[in-house]
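I opened the notebook to look up packing, cavities and one serine of interest. Entries follow in the order I made them.

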Amino acid sequence: MSAPYLSIILPVHNEAGNISTLLAEIAAMLPSLPATEVIAVDDGSTDTSAKELQQMSEKYPFVRTLLLARNFGQTAAIAAGMDHAKGAVLLPMDADLQNDPQDIPLFLQKIDEGYDIVSGWRRNRHDAWLRSLLSRVANKLIRNVSGQEIHDYGCTMKAYKREVIEDVGLFGDMHRFLAAYAGMRGARVAEVVTHHRPRTAGVSKYGFGRIWKVMLDLFMLSFFLRSLTRPMQFFGSIGLVSILSGFVIIIAAFVWRQLGGPTFIETPLPVLVALLEIVGVQCVLMGVLGELTMRTYFNSSRSKSYRVRAVFPHTDHNDSK
């Protein structure tokens, strides 16, 4: 098999009954796709998914299966698939049959138009109304934080040019924000409407317990997008506001006393002032530590705080001498 252009990545966790059908659908799509491989990653399934994947790897030569040692989570499974993929375009999708392989050409068309990342949009979802409502609210919050006009951050089906995400590590539940992180580094992002099919087998892995995780992830997203390369401005601003608030309270208490109010010590204000000053100093020190960590990271790794899209002219002047 020649080097693939497209690597389809399937994170799998307890999807027995869906895998063979999905791979058969992908196999039927191969004549209309460029050179394609499928990296199926079993994320510690407790059903017969791993056995089914091994059988499918023997049946379909374009399928490779990775068996993770335990359940590490969807982001880790996608990261493992990307690490082992050989294609120039990486396309993760769910293995529960709700993503439709028939949509794959839509993603590749946008990639051919020059976009770096193409995100799927499940406009007509086949989920419970409450789950759909919470998803719309979460997506709106993420759009406001990230500045990327993507309607469906939760859709696993996305296409990435390999070079735009090679330096972006995947940790926690970061896969849903990968387009936002890459967009921060100048990646061109497009969106296509995809089919969302009802689940016919297996059980959904997405519960309402994800709400709190998404809220925490939003805080991290906001920090990374706005303050990753300038942590002192982020923590220092909070610290200075806290310190100045303490001084303002002291002045206000003094004026209040002059106008006939109680003495400063007779109020709870000393505790509040002490708390504000301590928090302020700690935030400033956090900013200093953040600056040192950030500079150490960029100096010791290949990562850069910028991304070059192109250089003109393509030929170095020194090469022509």
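**Overall fold**

I started with contacts in the protein between residues at least 6 apart in sequence: 81% of them join residues at least 24 apart. I kept in mind that this is a predicted model. I then listed the secondary structure and got ten helices and seven strands. The protein has 321 residues, and buried ones make up 43% of them.

**Nonpolar cores**

Next I looked up the largest nonpolar core. It has 31 residues, and L10 and L23 have the most contacts inside it. I checked which elements supply at least two residues each: β1 (6-12), α1 (19-29), β2 (36-42), α2 (49-59), β4 (89-92) and α4 (104-112). Of these, α1 gives the most, with five residues.

I followed L23 further. Leaving out residues up to four places away in sequence, L23 touches L10, V38, M56, Y60, F62 and V63. I also found a second, separate core. That one has 24 residues, including I78, A85, L178 and A179.

**Helix α3**

I turned to α3, which spans residues 74-84. Is this helix mostly covered or mostly open? It is mostly covered, with eight of its eleven residues buried. I noted the buried ones as Q74, T75, A77, I78, A79, A80, G81 and M82. I78 is thus buried in α3 and also part of the second core.

**Cavities**

I searched the whole structure for cavities of 30 Å³ or more and found two. How much space lies in the largest cavity? I got about 60 Å³.

I wrote down its lining: I78, P92, Y153, G154, C155, T156, K158, Y160, H175, R176 and L178. I sorted the lining by class and got six nonpolar, three polar and two charged residues. Two names were already in my notes: I78 and L178 line this cavity, and both are listed in the second core.

**S242**

Last, I looked up S242. I placed it in helix α9 (residues 231-258). Is S242 buried or exposed? S242 counts as buried because its relative accessibility is 7%, and the cut-off for buried is under 20%.

I then asked what the S242 side chain reaches. It reaches the backbone oxygen of L276, at 2.5 Å. I also listed the contacts of S242, leaving aside neighbours within four places in sequence: L276, E277, V279 and G280. L276 therefore appears twice in my S242 entry, as the polar partner and as a contact, the latter being heavy atoms within 4.5 Å.

Key
Residues are numbered from 1 along each chain as its sequence is written. This is a predicted model: local features need pLDDT of at least 70, side-chain atom pairs count only at pLDDT 80 or more; totals for chains, interfaces and linings use all residues. Side-chain values use heavy atoms; hydrogens and water are left out. On a 1 Å grid over the protein atoms alone, a cavity is a set of points where a 1.4 Å probe fits but cannot get out, and a pocket is an open set with protein on both sides within 12 Å along at least five of seven lines; lining residues have an atom within 4 Å of a point. Grid points are joined across faces, edges and corners, and a volume is the space filled by probe spheres set on the points. Ala, Val, Leu, Ile, Met, Phe, Trp, Tyr, Cys and Pro count as nonpolar, Asp, Glu, Lys and Arg as charged, and the others, Gly among them, as polar. Buried means under 20% relative accessible area, exposed over 50%, partly exposed in between (1.4 Å probe, protein chains only). Helices (H or I, at least four residues) and strands (E, at least two) are DSSP runs, numbered from the N terminus. A polar contact is a pair of N or O atoms within 3.5 Å; within protein, one must be able to donate a hydrogen and the other to accept it, and residues adjacent in sequence count only if both atoms are side-chain atoms. A nonpolar core is a set of buried Ala, Val, Leu, Ile, Met, Phe, Trp, Tyr and Cys residues joined through side-chain atoms within 4.5 Å.
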